[in-house]
Amino acid sequence: MKNKMSFLQQEGEACPSRCPDNSAFRQQRLPAWKPQFTITAVLSTFFLTGMFCLSVGVCLILSANSIREIQIDYSDKCSDCSKLRENSSNWNKECLCSVNFTLKEDILGDVFMYYGLQNFYQNHRRYAISRSDAQLLGQNVNNSYCAPFTTYQNGTPMAPCGAIANSMFNDTFDLFYNLNSSVTQVPLLKTGNSWWTDKNVKFRNPKSYNLSSAFAGTSRPPYWQKPVYLLDEEDERNNGYINDDFIIWMRVSAFATFRNLYRRVRRIRQFADGLPAGNYTFHISYNFPVTKFKARKHVILSTVVWSGGSNPFLGIAYVISGTAATLAGFVITAIHLKLRKRKTYFQK
Amino acid sequence: MSRKSVPGCFSRMVWKKHFFKETCCQCGTPDTEIQNEELEKRGKVKKRKKKNENKRVIVSNLSFGSKKWKENPNRYYDSNKIKTTKYTILTFLPKNIYEQFHRFANIYFVVIALLNFVPIVNAFQPEVSMIPICVIMAMTAIKDAWEDFRRYKLDKEINHMGCYIYSREEHAYVEKCWKDVRVGDFVQLQCNETIPADILLLYSSDQNGVCHLETANLDGETNLKQRQVVMGFSSQNALFEPELFQNTIICEMPNNDLNKFKGYMEQPNHERVGFNIESLLLRGCTIRNTEAAVGIVIYAGHETKAMLNNNGPRYKRSKIERQMNMDIFLCVGLLFVMCLVGAVGHGIWTRNFSEHPPYDVPDENGNFLSPFLAGFYMFLTMIILLQVLIPISLYVSIELVKLGQVFLIHNDIDLYDEETDLPIQCRALNIPEDLGQIQYIFSDKTGTLTENKMVFRRCTVDGIEFSHQENAKRLETHKELDLDNEDFAKLQHLTLPPINIETPGTLKQRTTRPLRRCQSARAHFQGHTRNRSLGRRDSNQSQVAFSSPIEKDVTPDSRLLRRVREAALQTENLSPFIHMKTSTTLTDFFLALAICNTVLVSTATEPRQRVTVPPPIKPSGITLEKIHQIFQRLKLASLSQSFSSSQSSSDLGASLSARNTEEQLAALDCCDNDDCCASGRDDGLQGKDGTDIGSASLDEVFKSVTNSSLPTDFCYEAESPDEAALVYAAQAYSFTLVSRTPEQVTVRLPQGTLLTFDILYTLGFDSVRKRMSVVVRHPLTKEIAVYTKGADSVIMDLLEDSAKDDISTEKRMKRIKEKTQKHLDYYARDGLRTLCIAKKVLNEDDFQKWANFRREAEAAIDNRDELLMETAQHLETKLTLLGATGIEDRLQDGVPDTIAALREAGIQIWVLTGDKQETAVNIAYSCKLLNQRDTVFTINTESKETCESLLNLTLEEVRKNYEVEKPRRKFFGIIPTSFAASEAPSPEFGLVVDGRTLNVIFQGGLEEKFLTLTKHCHSVLCCRSTPLQKSMVVKLVRRQLNVMTLSIGDGANDVSMIQAADIGIGISGQEGMQAVMASDFAISRFKHLKKLLLVHGHWCYARLAKMVIYFFYKNVTYVNLLFWYQFFCGFSGSTMIDYWQMIFFNLFFTSMPPLLFGVLDRDVSAETLLSMPELYKNGQNSEIYNLSTFIITMLDAFYQSLICFFIPYLTYEDSDIDVFSFGNPINTISLLTILLHQALEMKTWTLFHLVTMIGSVAFYLVFSLIYNASCVLCNPPTNPYWIMEKQLSDPTFYLLCLITPIIALLPRFFIFALRGTIGTPLILKAQQIDKLPKGQQDLEIQKLRSRKQPISGARVISPTSNDDLDQNISHLCVSPFLHPAAATVSHRDTESQRLSTSKVNHLRKETPEEGYYFFNRWAEEESTATDPSAGPFSGHYPLVPSRVTTPGQDSGKLSKGNENNFNHGSHRRSVSAVTL
């Protein structure tokens, strides 16, 4: 081989101009690694992959098992309210409903409270783009994407505009812990639930000395019960566009069935370790109509682990694929052993 | 003269790439004959009708000053400024965009992008959706612009070359640029100057009004062409005065025919002078050998013939692309289905709701669409959304990859030919992958399989055969000598007969020659650049076509040499009036060889200066008197045939006994047939006594004479290699052509005297007459003689029927004719090209009569060609046969090896040649196209019925054989069927048909039968076929069998066939450039085909096929992710991936690896590919890319996209994930999966691969991070702000990115692993072999072969087939009449022959027409047993001349033929011949 190369090189030197370069690239002789499906490579790949996936899968399943989650579908339980909401003329009538549930054991650690919607297509294309990020950044722009929820017929712009904002989930939940007939409200955190960047970069209120003047000249979206600057009257930093509930709602969900973080349990007093076992009651202000489009509403209490939410699927996937890889390894071993006698050549 | 070099207009087009139809250089009106040219006698002027539309009228520009320019009729003609660019700066954008829209895909994408602007159906932000198509089109536009700029620079360079134009103001020639040359200008050209436009030659410094021209730039022919000053101007000896030129030139409109030009010049007195192409200097040619020439510009710029011929590369669509287009339609279908699903789904989904939910957003006016309408709009939206299913970047990627592939092919050092200094030229840039799919090769014979270097091998004079064994030996050893010159010199000294006085000269040439040829060949490709190297070359080296050492040196046959000398001294010196028949014939024969041609002579020292005047004989050491004395003595000696020791011991030197014995041996060797024996005996009788001394002494005399008097190494410039070979042969016998002018030709005779013949007429060679003649006047006898040489079939019919002479002469003549015919047949059988030489003596009156006739014909303007032909035929009758020559066209290096390899690769090889059947068959044998064991069917017939029944019969025979085979094949069970067809153990079949039969087949509608038959035959020979038939055969096979065809040829006659095939390959050999110009790839040797197909073809195919299929996979995988999401978003056309990241995904993140893969991947190393040609079948059967692999890949793509979508979906299901946070991992996962999929496909990992792979992922990450971090508002209404950052801090993301590609690729990996374990297809074995160390590789390959051998029969393709070739040649060389091996007919063969014979007999009763059917079966074993009684059908090849046979003679002919066979007896091939 070497001889040949040197011979070629000599030839190359002797060649006049039109002789092609004898470089490794041009002669397609670049040093290369040629991976091959040798039996050792194949089997080691399969078995190593299998082992790895199995172990990761087991870890994931174990950690997912530690998750505690309570999911309560209140769309039927508050049937009165839902009936009331079916008629849109009752939009400003308040409707309260309470749901009881029992925790058989403590939920330890951070407990997150979600509201869940089923069959609510937030990812519908025209819905998902019906927003104006510029407006939410505090800029005063007219955005065509918000149509038809841009302005009222009299020309007053909606703030915030667009279908997403308009259909903002507006049920409110309060959680009460019933311990020995004394009812304690579970302290909940309403801020810090959204992404830091959303809260601090992506969403900005228009600049003004106070919030109501900032939104002067605009009006609330048609479905809203109160204007945007009254979303959280208690906390100035959670009001207007930078209201956490609003921000979270504006982060459009990927699926028709989804949950959004509503509150976190504040770990103080008897809730320092999480929610203790016992009877609880949700007081729900039922404002969001869903029954007419066959959607359902949930309220969820859940913990999270390092690997994410309550979904055990990832662990299962790892275990299954690990098993499959290992099995495939065995199959190949079997075939290989069976055919070994016939493979008299190329066997090293 | 230091002039800027400008590449020729042809070569500059080589690298030009056209994506669209070439529009700039379309051929002009091709047929613009001057119509109203009536048959007029010269001088008589008739009023002619003005028909200017078909004519071009040109007058001198000098009569029009700048003021009167508007009156100049020339002003409408093109100027000489050329512009080959397609665009200007202004027109570039619109024109280029317009051109790009010629591609369907571009329109598709633009329409979709425009559709996106319709608000109701849009899926993306409309502005953004224009990006991909814009990027693609911009890339194409940049490439076009760059190409155009290069063209522009070249044009500029050419336009600014200088030339001398006569200026009215200065009354002299002034230097101007080429672009300023106008029609009607007078241009003065100097030696070695390139001609700027098509110029009518009006003056030449040559006294004969001749101007020499080198047309290498135009057609690659290196020999000089003569151009003649327009008649009437040649007589003016004075310098040409342009200002006096008042004539009007009328000629045809510009056309692209390089060999046709007609027109006339009308003088002020209305006299007309005709002229033709002989007076036209063509643009791009170079003036040689002429000091100065003046002419008037006829065509300029784009109207010149050279430019009109400039068609640029052709656009061909490769098989993969055709298949790809099919699959694109499948994709369109898929797209349609998917869109339909989306539309219907959306309709149903919308209808589901009794009241519109808040997420169903009404339009701007608050109205909702009906479900039906919503569904319809959604259909359009879906098309926009899923448009990428049709891979937008595929076309551009394919083009880029092909460019890369072509670049690599072009740079392959193995395809570089040192001798001609030519790498492979890829003229078509878009079909490299077709090289890997060839199923049929159609090859020319001459110049393609053979070198087209004609070597004089044998001759027969007067019915006596001279075998030229010394020459044969020389040729045999030539190959070794090529490697070692010193050895050669020694050998040469040993074998060289004493008469060869050239030894020092030839040796010197041998060492310098390769260099010279190198340069010359380079020159004609670089076009005008030649000027640069010219000075160097002209000063010290010569280069002449057809003068390689192997062609030049002819070692004379000692026996013949002796006779020649005798003859010479008898005829010339002693008794010019005593006609000893043999001797005059001999002299005439060699005279004819020397004279009857159009060879030009130049000397090595001054290559381009023609020897036109014989140099005076300088007084030599030996006086004439002395010579005379010697001759006198010798004559006595030879006449009396007595040996006189006193004479021999005189000053004339000793006899060379060693040589003598050698001669004797040689003579004895030859005595295998009767006449040879006779001649040998004669020799013996004479030789023992006088001739030894005679020749020896004569040698010395000649040596001294010639050495002292003349320059010895003449270079002969011939138009065809045959001519040169014959002249060199004559030179070897001391009949040296010394000079040639149009009027005279000088030949030096063996005695050293120079004879100058007046050439009265030269009737050039043409393919209709198949002969050429010269009419000369003998300087001594004043006898007018016609020497004719031509194809034997023609000459034999033109011989004198010697009825008027006395009976003995007649008998003699008849005998000579018969013997010569026999020899000719032998020659043909040995693959030699035969020519007959004949003579005719005219008396003065006859000649004058004929000459008048001829002159009239020449003067005729209309149908002059026919008249000339008629006169020629008139003259060439009643010839006396002198003899015949056999010229060998040597096989090129490595041809048998290449053919064997290609055959093994499963390629059917057909040879289409215009040559004789016998010659073709023998070449076929020697290049392993036919095997000794093969059964060869020969079909020659002219009637349809016979042909049909013959085809039926043969088919039956073939099928019978296959049926016999079938059970055996089952027995071996495991053999795949594709192997069985070509490598069956039974004897393989060859088919030989001739042109007439082809005609019958084409006209009689027998194509299908013919094709069915040929499918069973592994090689087919079509002899005596015309160019048209060649292309028809190619088209027939290509269309009917629907196979990939490749044509390879070197000459103009192959052009049609080259163009008809899927791939045309031109061999840039000795026969000009027409074939190369028409070809897609041009190589310089046939053997390069092996690497080109087996390695580059395989690679290109494998790479491109995998790349294309990968592109489909990639797009389907990716687009399906979007599709699956539609099921979760109410079929609303939502995307979970940001649009920028989506388009970048295809454009940047995943585009480089497949491109690199397409250019650089090597699935198997070149060495292994070459040593295992079977690997080629991979591409041939389209194993990598066909419908099934496409569908499998599609299914895999669906699977992978499902995994890539649903693993994240199930993971994030029912969580608070938002749309882009869900899309981001999907995007990442699919990127990883797609890249890993590519990694699985890649067989070689170089640094490039690694870098692009890692780079792609890194680029994706970096881009996403930056984009997601910086984009708060950039892409309204939605953007993926901070998503990547967020995800990178989420363990789920990493877990997903790990598991999903594993699951997605597990099945594919599993199948790959299984494929390596269970089936081990050949390609995998080859890859395994690749990994082994060098020595073991060969071992394994051998093992593989030996494993296959018992299955595929005993056919052993020995790796050292070069030895075989040598053997073969040696066979040919030693003596074709004496084959050591004896004929055998195996038992089985006899049986089958009987069978077939009975069948044929039966058939004969039914169809008693003329026609032949040779059923030849070559003996299977090579045993030594001779069995002449094996049957009347065994023996030699049938020598039945087809044209004379009638049914009645059949049996007689047959037996006669067989008698002959027995005489020459033992031959390995056993043959049965049946004549119908």
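This short talk covers the disulfides of a predicted model and one helix pair in chain B.

Ground rules come before the results. The model is predicted, so local features need pLDDT of at least 70, side-chain atom pairs count only at pLDDT 80 or more, and totals for chains, interfaces and linings use all residues. Residues are numbered from 1 along each chain as its sequence is written, chains are lettered from A and ligands numbered from 1 in written order, and side-chain values use heavy atoms, without hydrogens and water.

Disulfides, then. There are 3 over all chains, taking a disulfide as a pair of cysteine sulfur atoms within 2.5 Å.

Take A:Cys78 and A:Cys97, with sulfurs 1.5 Å apart. A:Cys78 sits in the loop between strand 1 (69-73) and helix 3 (79-86) of chain A, and A:Cys97 in strand 2 (residues 96-103), so the bond ties together parts 19 residues apart in sequence. Helices here are DSSP runs of H or I, at least four residues; strands are runs of E, at least two; both are numbered from the N terminus. Both cysteines, A:Cys78 and A:Cys97, are buried, meaning under 20% relative accessible area, with exposed over 50% and partly exposed in between (1.4 Å probe, protein chains only).

Next, A:Cys81 bonds to A:Cys95, S to S 1.7 Å. That link is left-handed, at -80 degrees about the S-S bond. Helix 3 of chain A holds A:Cys81, and the loop between helix 3 and strand 2 holds A:Cys95, so parts 14 residues apart in sequence are tied together.

Then A:Cys146 and A:Cys161, sulfurs 1.8 Å apart. A:Cys146 is buried at 0% relative accessible area. A:Cys161 is buried too, at 4%. The pattern in chain A is 1-4, 2-3, 5-6, counting bonded cysteines along the chain.

What about B:Cys163? Its sulfur is 8.2 Å from the closest cysteine sulfur, in B:Cys177, too far for a bond.

Now the helix pair. Helix 36 (residues 1088-1126) and helix 41 (residues 1187-1212) of chain B pack at about 40 degrees, axes 8 Å apart. Axes are lines fitted to C-alpha atoms over the stretch in contact, with angles from 0 to 180 degrees between N-to-C directions. That makes helix 36 of chain B oblique to helix 41 of chain B: under 35 degrees is roughly parallel, over 145 roughly antiparallel, 65 to 115 roughly perpendicular, and the rest oblique.

Who meets whom, with contact as heavy atoms within 4.5 Å? On helix 36 of chain B, residues including B:Phe1112, B:Val1116 and B:Trp1124 meet helix 41 residues, among them B:Phe1190, B:Met1194 and B:Phe1205.

Terms used
Contact means heavy atoms within 4.5 Å.
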